[in-house]
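Dear colleague,

I am passing on a structure that will be new to you, and below it you will find an account of its pockets and its aromatic rings. Please keep it open beside the text as you read.

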Amino acid sequence: MTAMADPQYEKEARKERLFSKINKADSYFSILGLAWITPLLKIIAGDNPKTNSKEIWRLLGVPLVAIVLFLSAWGILAPKVVTSLGAVPGPVQVWEQFKGLNADHLRQKEKETAFYKRQDERNAKLIEAGKADKVKQRIFTGAPTFYDQIWTSLLTVFFGFLLATVVAVPLGIAGGLSPIVGAGLNPIIQIFKPVSPLAWLPIVTMVVSATVSSVDPLFGKSFLVSAITVTLCSLWPTLINTTLGVASIDKDLINVGKVLKLNTWTKITKLVLPSALPLIFTGLRLSLGVGWMVLIAAEMLAQNPGLGKFVWDEFQNGSSQSLAKIMVAVLTIGVIGYLLDRVMYALQSMFTFSAQR
């Protein structure tokens, strides 16, 4: 009996280890938005197919059906709405314009490569001829492509987001630890939190124009205008959540710090931050989302190269393809916003134990 039972026991043990690995991998799948892979792997491993099939349907089937229904409704209703630029483009027209923008990017990169190749060949000939003093290095000045503008927007939003984080987190910690500081911050938060980026933009523009006077500054004026506007609008969720997270820490932890006579820095890094991190990251996720939304409006008005300017230029262009290109930009903005949130959720999962999807 023992000899017959051992293989069965080993089989069950291997199965348990396999399910343990699948459950461990589930957190990574969830971060990537691929949680439906977990029940699929469980079915392959021999778990209850009926229960896991329902999970696959909920996590993958329902979203796919919703997307198909959305695209179908869009394709049916869009041609019925006629504007001054023609009918609203459907999914097929938008996809065609995306392929066109991608082709434009590839052509521009080919031109850039050819430009630098010709420049290197010309400079090499000058050096061989003993005219090294006439060697010049010029920068390719072609129009930015759609992908270039996406990259510019990402740089701008991250710069503004980092500025907001540097300001909001220390202030939030101070406000959470000190009731007096918290009471002082509260009216400022309540007054400035609802202010629209369109209201901040003229003020920021004038301040940057008055203070950035260098002919070739490290950051362009339009870049700084957009980034600082993002900062002013996105710091409030982080500030509020950091203050709340620090203020909600178990008072026994603070008392332990007093008993151990910890200095302020040690108390903050060892006791305060680990306990407040879940709410701090929630604020950071909200701030990054707000910053990404604000950026588009700021780029439109500041005329800083980026997705906002791309949308505005296409609106001003008024060609028959402009609406479809604007729709490409709108969908791109939405997808990037989702990916930015996933990145922040991944960071939250790495540093906290209570991350919420």
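**Pockets and aromatic rings**

The largest pocket has a volume of about 370 Å³, and, as with everything that follows, please bear in mind that the model is predicted. This pocket is lined by 13 residues, of which Gly33, Ile67, Val335, Tyr338 and Leu339 are the closest to its centre. Helix H3 and helix H12 (322-351) each contribute at least two residues to that lining, which by class comprises 11 nonpolar residues, 1 polar and 1 charged.

The second largest pocket encloses about 240 Å³ of space, and its lining consists of Ile139, Phe140, Thr141, Gly142, Pro144, Asp148, Trp151, Thr152 and Pro305. Sorted by class, these are 5 nonpolar, 3 polar and 1 charged residues. Phe140, one of the lining residues, is also joined through ring pairs with Phe115 and Tyr116 in a cluster.

Turning to the rings, the structure contains 10 aromatic pairs. In one of them, the ring centres of phenylalanine 70 and tryptophan 74 are 5.9 Å apart and the planes stand at 45°, so the pair is tilted. Both residues belong to helix H3 (residues 49-77), where they are 4 residues apart, or about one turn of the helix.

Are these two residues buried or exposed? Phenylalanine 70 counts as exposed because its relative accessibility is 51%, whereas tryptophan 74, at 13% relative accessibility, counts as buried.

With kind regards

Definitions and conventions:
Residues are numbered from 1 along each chain as its sequence is written. This is a predicted model: local features need pLDDT of at least 70, side-chain atom pairs count only at pLDDT 80 or more; totals for chains, interfaces and linings use all residues. Side-chain values use heavy atoms; hydrogens and water are left out. Rings of Phe, Tyr and Trp (its six-membered ring) pair if their centres lie within 6.5 Å; planes under 30 degrees apart count as stacked, over 60 as edge-to-face and the rest as tilted. Buried means under 20% relative accessible area, exposed over 50%, partly exposed in between (1.4 Å probe, protein chains only). On a 1 Å grid over the protein atoms alone, a cavity is a set of points where a 1.4 Å probe fits but cannot get out, and a pocket is an open set with protein on both sides within 12 Å along at least five of seven lines; lining residues have an atom within 4 Å of a point. Grid points are joined across faces, edges and corners, and a volume is the space filled by probe spheres set on the points. Ala, Val, Leu, Ile, Met, Phe, Trp, Tyr, Cys and Pro count as nonpolar, Asp, Glu, Lys and Arg as charged, and the others, Gly among them, as polar.
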